[in-house]
Amino acid sequence: MRTNYLFYLLIVFWSLMLSCQKIEKVNNNNREIIRLTDQWEFQYNDTLDQQWETVTVPHDWAISMPFDQEVDKQAVIVLEDGERVPKVRTGRTGALPHIGKGFYKKSLYFTQEDQQKKIFIQFDGAMSHAKVYLNKQYVGTWPYGYSSFEFELTPHIQFNQDNLLEVHLENKSLSSRWYPGAGIYREVRIVKTNPIYVKNWGTYITTPQITASKGNVNIKTSLQNRTAQNQNIELIQSIFFKNQRVSTSTKSIKLDQNDNEIEMNLVVDTPQWWSIETPNLYKVITEVVVGDEIVDIYESQFGFRTIEFTNNDGFFLNGKPLKFKGVCLHHDLGPLGAAHNLSAWKHRLLKLKEMGANAIRSTHNPSDPSLVQLADEMGFLFIAEAFDEWEIPKTENGYNTLWHDWAEKDLVALMHRDRNHPSLIMWSIGNEIREQNDPNGAKNAQFLTDIVHREDPTRPSTAGFNNFKGAIKNGLADAVDIPGWNYKPQKYEAFHKDHPEWKMYGSETASTVSSRGEYFFPAKEAKHKIRPNLHSNSFDMDFPNWAQTPDREFKAQEKNDFIMGEFVWTGYDYLGEPTPYNEQWPTKSSYFGIIDLAGIPKDRFYLYKSHWSEEKVLHLLPHWNWKEGQTVSVHCYTNYDKAELFLNGKSLGIRTKDASQLYDSYRLRWDDIVYQKGELKVVALDKKGNILAEEVKYTAGSPVALQVELDRNQVAANGEEVVYATISVVDKEGVLCPRANNLIHFEVKGEGQLRGVGNGDPTSLESFVDHKRKAFNGKCVAILQSSKDAGNIILKVSSDGLESKEITVNTLSLM
Ligand code: GAL
């Protein structure tokens with residue numbers, strides 16, 4: 001045992017030596033990357049008497065402010081929703097004060113040695129119309145709030161002293177269809193390089209041929225030589241798998257003083273494929289060597305995988321058929337607003353994985369760069385989308401105002417940033433673009449598709465079309481490689497018949513609306529139903545005019561094998577667009593999510609899970625607290641074929657899946673049940689009647705205590721990671737009180753802080769940053785964030801008249 005261990009250590013040491021060889025041999029004078037997170041000063045609008053507030057970045061200035069129905073009230077005709085006259089929409093963009101100007105400043109110190117360097121500032125995104133200044137000198141502007149961008153600071157720097165960095169932002173009213181967030185809401189960093197360096201996003205890695213025994217890797221590297229003369233350099237490319245160097249190659253080149261693109265080909269033996277189940281990633285370390293000095297080291301990542309899109313048989317990953325079980329995601333994080341947080345996204349994606357989702361469409365704009373990185377690491381396919389609007393406005397001050405000057409730059413920025421990711425399978429050039437209706441609309445589509453082909457010939461262009469007649473007649477569907485259809489399950493067959501060469505998928509599906517824990521009887525399809533309490537049915541049969549239930553899309557996907565799969569609108573609820581209650585106040589967040597705004601799964605989660613995942617699901621709804629004698633419906637979302645329902649021990653009958661009836665294909669249903677309090681039990685049965693599983697709902701008594709469930713109880717002590725604590729109001733037996741709306745108080749001590757609170761109620765105007773929150777249908781969420789010191793975060797939850805609860809999270813310095 002001991003000898004084995006020593007041998008293992010020796011091997012590890014030896015491989016480390018091998019992998020570090022080149023880097024140690026020479027003097028390493030590499031690039032420096034400094035994240036700018038702390039000690040930013042912020043001011044909202046330029047009222048001179050206002051104090052500057054110290055904030056950390058990522059920062060969303062609006063999320064902590066009160067809701068106000070006057071913010072960005074939009075009297076607009078939303079053609080996409082079938083409207084023909086203007087309607088006043090409150091809450092369309094979240095009713096939080098994201099409109100206006102935001103000013104940020106920060107002091108940056110550069111040393112004497114920095115004078116030898118080229119110094120850049122990189123923004124993963126800033127909302128919006130960013131203008132950057134250093135020492136009062138204009139550095140640059142990037143208006144599209146979702147794009148990542150870089151400016152060079154070198155000419156404006158004063159060395160050996162403090163420099164004043166200023167970032168001015170402005171969000172205009174009528175510029176969005178959802179909550180865009182406000183501020184420097186993604187990461188910012190300073191990068192210092194030597195005068196010879198790899199450009200930002202300067203490697204493009206493709207895998208032209210992959211077999212079981214060999215993977216060919218092509219690496220194009222963009223190098224800059226900013227010295228006064230041509231330079232002889234060595235470019236070393238090394239490929240690593242799990243920290244082992246698996247391939248390396250060196251090229252000697254003379255760099256002139258222009259942009260230099262250097263192409264190299266490497267081979268990896270027995271490549272480990274990237275797939276949904278085995279998301280294997282390879283690292284490329286690019287070293288630039290001048291004489292005996294490494295002047296730059298640049299890290300990139302790629303994976304070995306093949307993608308194939310077919311017109312008849314759907315999509316293939318690594319030669320195997322795979323249906324997209326996808327969700328669309330907007331960029332906000334509910335109670336955290338648009339402020340990016342990596343661990344919150346990880347939390348979200350884990351939940352989606354648990355549901356069986358295998359794909360993400362980043363709607364309708366470039367995501368944070370870490371989202372596609374998480375997709376790489378966790379095994380999701382990814383559609384990167386650039387635009388929701390081109391030249392023809394959907395909103396007066398929307399992207400149409402930028403189209404002419406910025407469309408190419410924004411698309412190229414997205415593609416250069418993300419094109420090495422194996423999870424990324426398509427570039428979406430637009431969503432429900434109004435040019436669909438324009439006889440010249442195909443021109444813009446072709447312009448963008450040409451950019452896609454130029455910048456990344458390995459992936460197709462796509463777009464989400466809602467207006468199928470226009471998109472087909474005006475040639476837009478032909479101007480993308482893969483037409484995506486928004487809400488057209490009933491048309492798949494006809495599209496395929498008329499255009500057998502098209503490769504297609506449901507780019508946006510369902511748009512079912514529901515509020516967690518709100519049930520309306522009888523459970524039946526309801527189109528654009530306005531209910532007096534401003535909630536939608538958790539039986540998942542409410543949908544707006546253009547939309548459908550999940551079941552309809554499931555059926556269409558099953559019937560039409562050639563369809564590559566679907567992207568449900570949406571995985572998570574988001575801020576803004578409170579359809580169908582767009583004109584009603586107070587509503588300010590969506591009802592579309594499979595998971596609510598606070599991160600709590602709605603019933604729909606289990607419907608998708610039962611259809612998408614391999615795991616067995618037996619999920620009973622509704623809750624069991626009704627009026628005695630009331631007629632209720634009971635559904636069971638399950639992938640068992642057959643089940644029997646019992647009320648207080650008495651059988652209410654067996655139901656079996658019936659593929660000939662839409663709603664009996666994916667659910668088991670009992671209608672017209674006369675409610676009696678007590679115990680409702682569903683028992684899954686096999687063909688012979690043997691019991692396979694059971695699930696029970698009990699009638700809850702009055703609220704007595706609080707329960708707390710953590711998504712994890714250890715986090716990194718880095719001042720950034722978050723933990724989700726879900727609080728449930730329960731009776732004396734521990735049964736969830738399904739209508740409880742008790743006000744819960746949060747007290748946080750130790751090495752952390754309360755970062756946000758939420759309850760998933762789209763009609764709630766309570767603050768996301770308060771130390772209290774009402775439960776919505778028995779539950780609410782507190783999001784805790786670690787400090788930079790290791791220790792414990794202690795959360796105490798309490799509520800008048802209820803037993804309080806205390807829970808501890810460990811924060812660790814080494815994670
Ligand atoms: C689509 C649109 C989405 C969202 C959705 C709601 O038409 O692309 O952004 O508005 O409808 O159903």
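User: How much space lies in the second largest pocket, and how is a pocket defined?

Analyst: Rolling a probe the size of a water molecule over the atoms shows where empty space is left. On a 1 Å grid over the protein atoms alone, a pocket is an open set of points where a 1.4 Å probe fits, with protein on both sides within 12 Å along at least five of seven lines. Grid points are joined across faces, edges and corners, and a volume is the space filled by probe spheres set on the points. Here the second largest pocket holds about 1200 Å³. This is a predicted model: local features need pLDDT of at least 70, side-chain atom pairs count only at pLDDT 80 or more, and totals for chains, interfaces and linings use all residues. Residues are numbered from 1 along each chain as its sequence is written, and side-chain values use heavy atoms, with hydrogens and water left out.

User: Which residues of the lining lie nearest the centre of the second largest pocket?

Analyst: Lining residues have an atom within 4 Å of a point. There are 43 of them, and Ile600, Pro601, Tyr606, His619 and Lys779 lie nearest the centre.

User: Which residues surround the ligand?

Analyst: A residue is near a molecule if one of its heavy atoms lies within 4 Å of it. Among those surrounding the ligand are Asn431, Trp546 and Phe592.

User: Which polar side-chain atoms lie by ligand oxygen atoms?

Analyst: A polar contact is a pair of N or O atoms within 3.5 Å. Side-chain atoms of Arg177 at 2.8 Å, His364 at 2.6 Å and Glu577 at 2.5 Å each lie that far from a ligand oxygen atom.

How values were computed
A polar contact is a pair of N or O atoms within 3.5 Å; within protein, one must be able to donate a hydrogen and the other to accept it, and residues adjacent in sequence count only if both atoms are side-chain atoms.
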